[in-house]
Amino acid sequence: MTSILASLFMLCACATQSSLSRPQWITSAASHQAVGSCATHALGKYKQKECAISRARLELAARKGITISAQTVMTESATNLSSQSTLDGITTQTVNGVIKTRLVDSYHDKQQDIIWVLVEEN
């Protein structure tokens, strides 16, 4: 019984420790700030961070009423001997306002390979 309680205590301590190591801003950013995240990226850490920043900026833009939409078009063709697929991405922006942001902080959750970023309006 004692070993079970000790195991439960250690498990709870580990769970609390991992959640405490994450910055507070991930769950409670200020109203003029936004949080973005991105998991493992095929093109590396730089692109992963760039993806997270882009998502945070999109969040701030959406709050300001700036419309941003993305469209992906995939075409496939096949014959008896071969097939071909093409994937094209189109991003259209309608800007009815200007938003300037700056990177405040970033955090890399190495265990899950997620990069979190905090941006704010300038």
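**Exercise 1. Where do K47 and E50 both lie, and how many residues apart are they?**

Step 1. Note the ground rules. This is a predicted model, in which local features need pLDDT of at least 70, side-chain atom pairs count only at pLDDT 80 or more, and totals for chains, interfaces and linings use all residues. Residues are numbered from 1 along each chain as its sequence is written, and side-chain values use heavy atoms, with hydrogens and water left out.

Step 2. Locate the pair. K47 and E50 both lie in helix α2, three residues apart, about one turn of the helix. Helices (H or I, at least four residues) and strands (E, at least two) are DSSP runs, numbered from the N terminus.

Step 3. Check the side chains. Those of K47 and E50 meet in a salt bridge at 3.3 Å, N to O. A salt bridge is a side-chain nitrogen of Lys or Arg within 4 Å of a carboxyl oxygen of Asp or Glu.

Step 4. Check accessibility. Buried means under 20% relative accessible area, exposed over 50%, and partly exposed in between (1.4 Å probe, protein chains only). K47 is partly exposed at 32%. E50 is partly exposed at 36%.

**Exercise 2. Find the salt bridges of E59 and K64, and state the total count.**

Step 1. Take E59. Its side chain meets that of R63 in a salt bridge (3.2 Å, N to O). The two residues are four apart in helix α2, so about one helical turn separates them. Both ends are partly exposed: E59 has a relative accessible area of 36%, and R63 has 44%.

Step 2. Take K64. Its partner is E121, with the closest N and O atoms 3.4 Å apart. This pair links distant parts of the chain, with K64 in helix α2 and E121 in strand β5, 57 residues apart. K64 is partly exposed at 48%, and E121 is partly exposed at 25%.

Step 3. State the total. The structure has five salt bridges by this rule.

**Exercise 3. Describe the sheet and place helix α2 against it.**

Step 1. Read the strand order. Three strands form an open sheet in the order β1-β5-β4, with antiparallel pairing. Its edge strands are β1 (33-38) and β4 (101-109), each pairing on one side only. Two strands pair if DSSP finds at least two bridges between them.

Step 2. Get the turn between strands. Neighbours in this sheet are turned by 20° against each other on average, direction ignored. Axes are lines fitted to C-alpha atoms, for helices over the stretch in contact, and angles run from 0 to 180 degrees between N-to-C directions.

Step 3. Inspect one pairing. Strands β4 and β5 (residues 114-121) run antiparallel and are joined by eight bridges. L103 has V119 in β5 as its bridge partner.

Step 4. Add the helix. Helix α2 (residues 45-64) lies across β1, β4 and β5, at about 145° to β1.

**Exercise 4. Is I53 buried or exposed, and what does I53 contact?**

Step 1. I53 lies in helix α2. I53 is buried, at a relative accessible area of 15%.

Step 2. Leaving aside neighbours within four places in sequence, I53 is in contact with L103 and V117. Contact means heavy atoms within 4.5 Å.

Step 3. S37 is 16 residues from I53 in sequence and 7.5 Å away in space, C-alpha to C-alpha.

**Exercise 5. Count the disulfides and classify C38 and C51.**

Step 1. The structure holds zero disulfides. A disulfide is a pair of cysteine sulfur atoms within 2.5 Å.

Step 2. C38 is buried at 5% relative accessible area. C51 is buried at 18%.
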